[in-house]
Amino acid sequence: MTARLLDGVPIAEEILAGVRRDAAALTAAGRPPRLAALLIGHAASSEVYIRNQKKACEESGIGFELRALEATASEPEVLAAVRALNVEPGVTGIILHQPFPPHIDERRVREALNPARDVESMTPHNFGRLVMGQFEIAPSTASAALEIARREHPDMTGLEVTIVGHSEIVGKPLALLLLQTPRSSPTVTVCHISTRDLAFHTRRADLVFVAAGVPGLLQAGMVRPGATVIDIGINRVKGPDGKSRIVGDAAPDVVSVAGALTPVPGGVGPVTVAVLLRNTVRLAQGPARA
Ligand code: NAD
């Protein structure tokens, strides 16, 4: 069997078409959407992500501004930058680029963020609303992974789903999103670094999400024939030719066992950027949006 590749680009395009329409309507109404990104230090991965975000915003009619602080910025300086963005006129969404330098307490910074501008739904307030099923937007990577999976499995009732990774930005919100519907949810298993027998959990799943940041972690023998695999991992590795390239968390041989698989790059990544822009527009529309 060779898995069907689940191309994220047309899904992203579909989402972005709606974003462009909504952004144009907001701008015409005098409320243009604007995303502010806070970056501390110079992580190469964040810089690439920010470049892509800026380009995607510009192409969609969304304003973009980068607030960059030195890696040596103190926690009070970082908190002051967040509080300034919280009230800056014209800013409708704020994204905090992680990882932060080790001397900065991530949680304290997230707690300082204005929940009404929290485009990644990471404040305790918005995360709590996600737990309770009362949310307008959700973390973009988790939403994007689910959006792709739903096209393969429109009805997930009773499906066995395994998530590899339990971070607050991907694994945990994804589990919560999958458990939203009281009577038609899948059965969700969440694995992590301390899981004793990872293959046992992945092999019995109809649908596997893998977001560990470990290239090749999910191997063909760990996947049930015909299962759907959503590979969220983005890892930069050196190929045999010495050139650096991007790979996911699924090993190349998974394609010969899975029924459907997201490629890396080109799967979850482009959909994540599109969802981030959709979240920005939704925040600009406000809670009273139709
Ligand atoms: P993280 O480091 O915060 O969390 C990693 C998770 O994987 C943890 O729960 C950890 O326990 C688990 N894990 C690590 N090694 C494991 C192992 N050997 N066995 C089982 N579980 C293991 O990472 P994150 O921020 O959640 O990101 C995960 C991956 O997703 C990374 O590759 C990241 O680059 C990628 N990512 C992709 C997008 C996207 O748009 N596609 C967005 C964000 C993150």
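Let's start at Asp-231, which sits in strand β8, residues 228-231. Keep in mind that we are looking at a predicted model. Is Asp-231 buried or exposed, and which side chain of opposite charge is nearest to it? Asp-231 is buried and has no salt bridge; the nearest side chain of opposite charge belongs to Arg-245, 11 Å away.

So what does the Asp-231 side chain have for polar company? One of its polar atoms lies 2.8 Å from the backbone nitrogen of Asp-249. The backbone nitrogen of Ala-250 is 3.0 Å from a polar atom of that Asp-231 side chain. Setting aside neighbours within four places in sequence, the contacts of Asp-231 are Val-210, Gly-248, Asp-249, Ala-250, Thr-262, Val-264 and Val-268.

Now let's follow that trail to Asp-249. This residue is in the loop between β10 (244-247) and β11 (260-261). Asp-249 counts as buried because its relative accessible area is 0%. Which backbone nitrogen does the side chain of Asp-249 reach at 2.8 Å? That would be the one of Gly-213. A polar atom of the Asp-249 side chain also lies 3.0 Å from the backbone nitrogen of Val-214. Again leaving out neighbours within four places, the contacts of Asp-249 include Val-210, Ala-211, Ala-212, Gly-213, Val-214, Pro-215 and Gly-216, as well as Asp-231. If you like C-alpha distances, Asp-249 and Gln-219 are 30 residues apart along the chain, with their C-alpha atoms separated by 8.9 Å.

Let's move on to a sheet. Three strands make up an open sheet, ordered β3-β2-β4, with parallel pairing. The edges are β3 (63-69) and β4 (93-96); each has a single partner strand, so one side of each lacks a neighbour in the sheet. From one strand to the next, the twist averages 20°. How many bridges pair β2 with β3? Seven, in the parallel sense, with β2 covering residues 34-40. To pick out one of them on screen, find Leu-39, whose bridge partner in β3 is Ala-68.

Two helices lie across these strands. Helix α2, residues 44-60, lies across β2, β3 and β4 and runs at about 160° to β3. Helix α3, residues 75-87, also lies across β2, β3 and β4, and its angle to β2 is about 180°.

Last topic: charges. Side chains of opposite charge can pair when their charged atoms come close. With N to O within 4 Å as the cut-off, the model has 17 salt bridges. One of them joins Arg-151 and Glu-14, at 3.2 Å from N to O. Arg-151 is in helix α6 (residues 140-152) and Glu-14 is in helix α1 (residues 8-28), so this pair ties together parts that lie 137 residues apart in sequence. Arg-151 is partly exposed, at 38% relative accessibility.

Back on helix α2, Glu-59 and Lys-55 form a salt bridge, with the closest N and O atoms 3.4 Å apart. Both residues lie in that helix, four residues apart, or about one turn. Lys-55 counts as exposed, at 51% relative accessibility.

Then there is Arg-67 with Glu-65, whose closest N and O atoms are 2.6 Å apart in their salt bridge. Arg-67 is partly exposed at 26%, whereas Glu-65 is buried at 12%. And one more for the road: salt bridges with shared partners join Glu-14, Glu-147, Arg-151 and Arg-278 into one network. Thanks, everyone!

Terms used. Residues are numbered from 1 along each chain as its sequence is written. This is a predicted model: local features need pLDDT of at least 70, side-chain atom pairs count only at pLDDT 80 or more; totals for chains, interfaces and linings use all residues. Side-chain values use heavy atoms; hydrogens and water are left out. Buried means under 20% relative accessible area, exposed over 50%, partly exposed in between (1.4 Å probe, protein chains only). Lys and Arg count as positive and Asp and Glu as negative; His and the chain ends are not counted. A polar contact is a pair of N or O atoms within 3.5 Å; within protein, one must be able to donate a hydrogen and the other to accept it, and residues adjacent in sequence count only if both atoms are side-chain atoms. Contact means heavy atoms within 4.5 Å. Two strands pair if DSSP finds at least two bridges between them. Axes are lines fitted to C-alpha atoms, for helices over the stretch in contact, and angles run from 0 to 180 degrees between N-to-C directions.
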